[in-house]
Amino acid sequence: MQKRIWQSGLSILAAAALVAGCGTNNSSSGTTNTSNSGGTGNTTSTSGKTIKVGLVTDTGGLNDNSFNHLAYVGMQEAQKDLPNIQTSVVQSQSESDYVPNLSHFAQDGYNLVIAVGYLMADAVQQVAREYPKTHFLIIDDSITGIPNVASAIFQSQQAGYLAGVVAGMVQKNHLLKNINSHNTVGVVGGQEIPPVDTYIAGFQQGFHSVDPTGKVIVEYTNSFNDEAAGSQYAQNEISQGADIIFPVAGGTGIGSIKAAQSAKVYAVGVDTDQSYLAPGTVITSAIKRVDTSVFDTIKAVQDGTFKSGVNNFDLSNNGVGIAPIISSLPKSVTDAVNQAKQEILSGKIQVSTTVQK
């Protein structure tokens, strides 16, 4: 499938404004709903059929500035660029909302239902079997053997590795103001689940490839939507000497980035280019192009080429990567990242998916 890359922070902020403007609360289901009809102004496609796409977020919600938001951006781009796409979003407030929210779209005859996140895997398998004529896409989990379910799997460890190389060079060589002598960086994870741990494992390995004696503190908040917890955990790691914080925690991670900014240390963003959250604080971001997978799957449903099974996104197809590095860092950092990327692509570097305790 053709790969579309949408990673502008401005487009994400614009999407956030749109959501804020059109959302309505549904207190009976504990969810938040938004809906839009075709962005091109067309009412019929060449086949005479409108494609209805429903997106169900996990508890992080659309304002996580991370993977839920990226899924929404990909859907909005499809609505803008493809004819006759009608979209709607339901934001889950708790894990108990997953099955009802997925079922809502299937019952209403939606052509594609998108489930954002590993935590929704059981719900997708249940609902997809109940509605075999509805297509489903799950982000970050591998579901096979169900003919109406496609999975988008990202080799996030590769992106984490590149981000770790940046952090390692900054730390080891004291390349930025306020880098201390503790030789320590911190990671704030959302939950101890594979989509989080692959990022962390890659980051650890990339960091230690440059700074073998450096320390990586890893802690989990057990939440993807608690900025206060993200701030608290980051502050704790900063108090232990960490001067670069890598949050892999959805909306919770926003609090970690703000804490780094307040402490005048640094952060590495996740999923999308998060430099706009704290300019001068976020030195780069590990990127996972959830928006690409969403756009491509919507187009496949429209074209009649939807395929079940696992679609892999990695460095080789630009499905993961790294955001532009802060301009105050020397070219040697970019050169090191480019070399690491080539060595991953060639197979010389095998990136681990296992967090080192």
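In this predicted model, Asp-141 is in contact with Tyr-118, Ala-121, Ser-151, Ala-152 and Ile-153, once its neighbours within four places in sequence are left aside. Asp-141 lies in the loop between strands E6 and E7, and with a relative accessible area of 14% it counts as buried, because that value falls under the 20% cut-off. Along the sequence Asp-141 and Ala-152 are 11 residues apart, while in space their C-alpha atoms are 6.9 Å apart.

## The chain as a whole

The chain holds 10 helices and 14 strands, and of its 357 residues 59% are buried. Among the contacts in the chain with a separation of 6 or more, 70% are between residues 24 or more positions apart. The area that the chain exposes is about 13,800 Å², and carbon and sulfur atoms supply 47% of it.

## Strand E7 and its partners

The loop that holds Asp-141 leads to the strand E7, which covers residues 149-154 and has 6 of its 6 residues buried, so that E7 is largely enclosed by the rest of the structure. In a regular strand the side chains alternate between the two faces of the sheet. In E7, Val-149, Ser-151 and Ile-153 point one way, whereas Ala-150, Ala-152 and Phe-154 point the other way, and residues of both sets are buried.

Which strands pair with E7? One is strand E6, residues 135-139, which pairs with E7 in the parallel sense over 4 bridges, and here Leu-137 has Ala-150 of E7 as its bridge partner. Another is strand E13, residues 309-313, which pairs with E7 over 5 bridges, also in the parallel sense, and in this pairing Phe-313 of E13 is the bridge partner of Phe-154.

## Helix H9

Helix H9 spans residues 290-303, and its 14 residues reach 20 Å from the first C-alpha to the last, which is close to the 20 Å expected at 1.5 Å a residue. Is this helix mostly buried or exposed? Of its 14 residues 11 are buried, so H9 is largely enclosed by the rest of the structure. Among the buried residues of H9 are Val-290, Val-294, Phe-295, Ile-298 and Val-301, and they also include polar ones such as Asp-291, Thr-292 and Ser-293. After H9 comes Gly-304, with a positive phi near 75°.

## Two asparagines with positive phi

Most residues other than glycine have a negative phi. Asn-84 and Asn-222 are two residues in this chain that have a positive phi although neither is a glycine, and the table sets out their values side by side.

| Residue | Phi | Loop between | Relative accessible area |
|---|---|---|---|
| Asn-84 | near 60° | helix H2 (67-81) and strand E4 (85-92) | 2%, buried |
| Asn-222 | about 60° | strand E9 (215-220) and helix H7 (227-239) | 58%, exposed |

Both asparagines are placed in loops, but Asn-84 is buried, whereas Asn-222 is exposed.

## Val-270, Phe-246 and the nonpolar cores

Val-270 is found in strand E11, residues 266-271, and is buried with a relative accessible area of 3%. The C-alpha atoms of Val-270 and Ser-285 are separated by 5.1 Å, although these residues are 15 residues apart along the chain. Not counting residues up to four places away in sequence, Val-270 touches Ser-66, Tyr-199, Phe-246, Pro-247, Val-248, Ser-285 and Ala-286.

Phe-246, one of the residues that Val-270 touches, has further contacts beyond its sequence neighbours up to four places away, including Gly-186, Val-187, Val-188, Phe-203, Val-268 and Gly-269. Tyr-199 and Ala-286 are in contact with Phe-246 as well as with Val-270.

In soluble globular proteins, nonpolar side chains tend to be buried together. In this model the largest nonpolar core has 72 residues, of which Ile-114, Ile-244, Phe-246, Ile-283, Val-294 and Ile-298 touch the most other members. Helix H5, residues 156-173, gives the most to this core, with 9 residues. A second, separate core has 20 residues, including Tyr-98, Ala-115, Val-127 and Ala-128. Val-294 and Ile-298, which are named among the members of the largest core with the most such contacts, are also among the buried residues of H9.

Key. Residues are numbered from 1 along each chain as its sequence is written. This is a predicted model: local features need pLDDT of at least 70, side-chain atom pairs count only at pLDDT 80 or more; totals for chains, interfaces and linings use all residues. Side-chain values use heavy atoms; hydrogens and water are left out. Buried means under 20% relative accessible area, exposed over 50%, partly exposed in between (1.4 Å probe, protein chains only). Two strands pair if DSSP finds at least two bridges between them. The expected span of a helix is 1.5 Å times one less than its number of residues. Contact means heavy atoms within 4.5 Å. Accessible areas come from the Shrake-Rupley method with a 1.4 Å probe; for residues, only the protein chains shown count as cover. A nonpolar core is a set of buried Ala, Val, Leu, Ile, Met, Phe, Trp, Tyr and Cys residues joined through side-chain atoms within 4.5 Å.
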